[in-house]
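Thanks for passing this one along. Below are my notes, point by point, for you to read beside the model.

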Amino acid sequence: MTFHNHHSKSPVVAKRAAHLPVRLWWGAVVAYFLLLSYLLLTPHPLWFMGTAGEAAEETVDSTLADYAQHALAYAVLGALITLATVGKSFRFRCCWLTAAAAHGVLCEVLQHFIPHRHFGAHDALANAVGVVGGWAIAMLLCRLPVVRAMTMSVSAPDPDIVGN
C-alpha cells in the first residue's frame with residue numbers, strides 16, 4: 001500500500017504557484033494600460049464629475065500640474081512593467097518600457113483627432129519621462145526585501161536588481 005503526502009504540492013501546482021506573482025503583476029499592467037488608454041482617448045475623461053470635471057480639466061490643462069499628472073500616470077505604468085519583468089532579461093524589460101513610452105506619445109498624437117482634446121508635445125514628453133522615472137523608482141524599490149519577495153518567483157534572481 002502506497003501512502004501519498006496530500007500536503008505536498010505536485011510539480012505542476014508548484015510551478016503554477018511560483019508564477020502567480022508574475023501573472024498578478026502582468027494583470028495589473030494590462031488593467032492599468034486599459035485605464036490610461038481610456039483616460040487619454042476619451043473626449044471627457046472626467047464626465048462623471050459633470051461641470052466640475054470639465055472645469056478641472058480646463059484649469060489644469062498646460063500647467064505644471066498637468067505635466068506632473070502625465071509623468072505620474074506613466075511612472076506607475078513603468079513601475080508595474082518593471083515589477084512584472086523581474087527575472088527577465090534587460091532587453092525584454094526595455095522593449096516593454098519602450099512600448100509604454102510609445103503608447104504615451106501615440107495617445108497624445110491621437111488626441112489631435114478627438115473632440116475636446118489636443119496634441120501636446122510637452123504631455124508626450126512627460127509621459128515618456130514618467131516611464132523612465134517609474135522604472136528607476138521600481139528598480140530602487142526592488143532592492144527592498146519586502147518588494148523582492150512579492151516579485152520573485154522560482155526563476156533566478158534578477159541580475160539588474162540583485163548584485164553579484
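1. A word on terms before the notes: helices here are DSSP runs of H or I with at least four residues, numbered from the N terminus. The model is a predicted one, so please read each point below with that in mind.

2. Let me begin with the overall picture. The chain contains seven helices and zero strands, and its elements, read from the N terminus, run α-α-α-α-α-α-α. Of the 164 residues in the chain, 34% are buried. The accessible surface comes to about 10300 Å², and carbon and sulfur atoms account for 72% of that. Looking at contacts between residues at least 6 apart in sequence, 69% join residues at least 24 apart.

3. Which residues form a nonpolar patch on the surface? They are L41, V105, L106, V109, L110, F113 and F119, and together they have about 600 Å² of accessible area. Helix α5, residues 90–111, gives the most to this patch, with four residues. One residue to look at here is L110, a member of the patch that is found in helix α5. L110 counts as partly exposed because its relative accessibility is 34%, and partly exposed covers the range between under 20% for buried and over 50% for exposed.

4. Helix α5 also holds an aromatic pair worth a look. The structure has two aromatic pairs. In one of them, F92 and W96 meet edge-to-face, with 6.4 Å from centre to centre and 65° between the planes. F92 and W96 are four residues apart in helix α5, so about one helical turn separates them. Both rings are partly exposed: F92 has a relative accessibility of 32%, and W96 has 37%. Ring pairs also bring in W26, giving a cluster of W26, F92 and W96.

5. On the cysteines: how many disulfides does the count come to? The count is zero. For C94, the closest cysteine sulfur is in C95, and at 7.3 Å it is too far for a bond; a disulfide would need the two sulfur atoms within 2.5 Å. C94 itself is partly exposed, since its relative accessible area is 26%. C142, on the other hand, counts as buried because its relative accessibility is 1%.

6. Next, a polar residue I would check in the viewer. Is N127, in helix α6 (residues 121–141), buried or exposed? N127 is buried, because its relative accessible area is 0%. Setting aside residues up to four places away in sequence, N127 touches H70, Y74, G104 and E108.

7. That leads on to H70, which lies in helix α4, residues 64–84. H70 is buried too, as its relative accessible area is 10%. Beyond residues up to four places away in sequence, H70 touches L40, E108, D123, A126 and N127. E108 thus appears among the contacts of N127 and among those of H70. H70 and V129 lie 59 residues apart in sequence, while their C-alpha atoms are 9.1 Å apart in space.

8. Farther along helix α6 you will find W135. W135 is partly exposed because its relative accessibility is 28%. Leaving out neighbours within four places in sequence, W135 is in contact with G78, A79, T82, R93 and L97. W135 and R93 are 42 residues apart in sequence, yet 9.6 Å apart in space from C-alpha to C-alpha.

9. My last point concerns the backbone at H116. Most residues other than glycine have a negative phi. H116 is not a glycine, but its phi is positive, at about 70°. Where does H116 sit? H116 is in the loop between α5 and α6. With a relative accessibility of 63%, H116 counts as exposed.

Key:
Residues numbered from 1 in each chain as written. Predicted model: local features only at pLDDT ≥ 70, side-chain atom pairs only at ≥ 80, totals over all residues. Heavy atoms only, no water. Patch = residues over 30% accessible without salt bridge, like charges linked within 9 Å, V, L, I, M, F, W, Y side chains within 5 Å. Areas by Shrake-Rupley, 256 points an atom, 1.4 Å probe, with all protein chains shown as cover. Salt bridge = Lys/Arg side-chain N within 4 Å of Asp/Glu carboxyl O. Helix = DSSP H or I, 4+ residues; strand = E, 2+ residues; numbered from the N terminus. Buried < 20%, exposed > 50% of the residue type's maximum accessible area, 1.4 Å probe, protein only. Contact = heavy atoms within 4.5 Å. Phe/Tyr/Trp six-rings, centres within 6.5 Å; stacked < 30°, edge-to-face > 60°.
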